[in-house]
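Dear colleague,

I am handing over the structure below, and I would be glad if you kept it open while you read the notes that follow.

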Amino acid sequence: MVLQGNPVDGESAPNGISRGEMVAISADRCVGSGLCQAMAPHIFGSDEHGRIAKVLRPRPEERDLGLIRDIAECCPVEAVLIRTTDGQS
Ligand code: SF4
């Protein structure tokens, strides 16, 4: 699986994302619906070909972490992944 992602900074948050977790896009799964970019254009953009999503912000602000989790749940192909840096999901 090809992943694009960036670390999520911040202490433990109420939504469960905590220090050491990563937000990534599965390039294998993404179908380029544009949903994540529409919901959070300051966090997600498109790759150089405009076909699939990529994570723009290397360190999203803590206030965005709940939104990132909501987007992960809304992605039609479950391509927005939240993983710990030790490989756990
Ligand atoms: S919502 Fe999912 S399928 Fe749509 S562009 Fe974002 S990652 Fe890709």
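Before turning to the ligand, please note how residues are sorted: Ala, Val, Leu, Ile, Met, Phe, Trp, Tyr, Cys and Pro count as nonpolar, Asp, Glu, Lys and Arg as charged, and the others, Gly among them, as polar. This is a predicted model, in which local features need pLDDT of at least 70 and side-chain atom pairs count only at pLDDT 80 or more, while totals for chains, interfaces and linings use all residues. Residues are numbered from 1 along each chain as its sequence is written.

The ligand is surrounded by 15 residues, the closest being C30, S33, L35, C36 and C75, where a residue is near a molecule if its C-beta atom, placed from the backbone, lies within 6 Å of it. This shell holds twelve nonpolar residues, three polar ones and no charged ones.

In α2 (65–74), a helix (a DSSP run of H or I with at least four residues, numbered from the N terminus), the residues L65, I68 and I71 are buried, meaning that 20 or more other C-beta atoms, placed from the backbone, lie within 10 Å of their own (12 or fewer is exposed, in between is partly exposed). They lie on the same side of α2 because they cover an arc of only 115° around the axis, taken from the directions from the helix axis to the C-beta atoms. A27, by contrast, counts as partly exposed because it has 16 C-beta neighbours inside 10 Å.

As for confidence, pLDDT (the predictor's confidence in each residue, from 0 to 100) averages 79 over the protein chain, and 69% of the residues score at least 70.

Best wishes

How values were computed:
Helix = DSSP H or I, 4+ residues; strand = E, 2+ residues; numbered from the N terminus.
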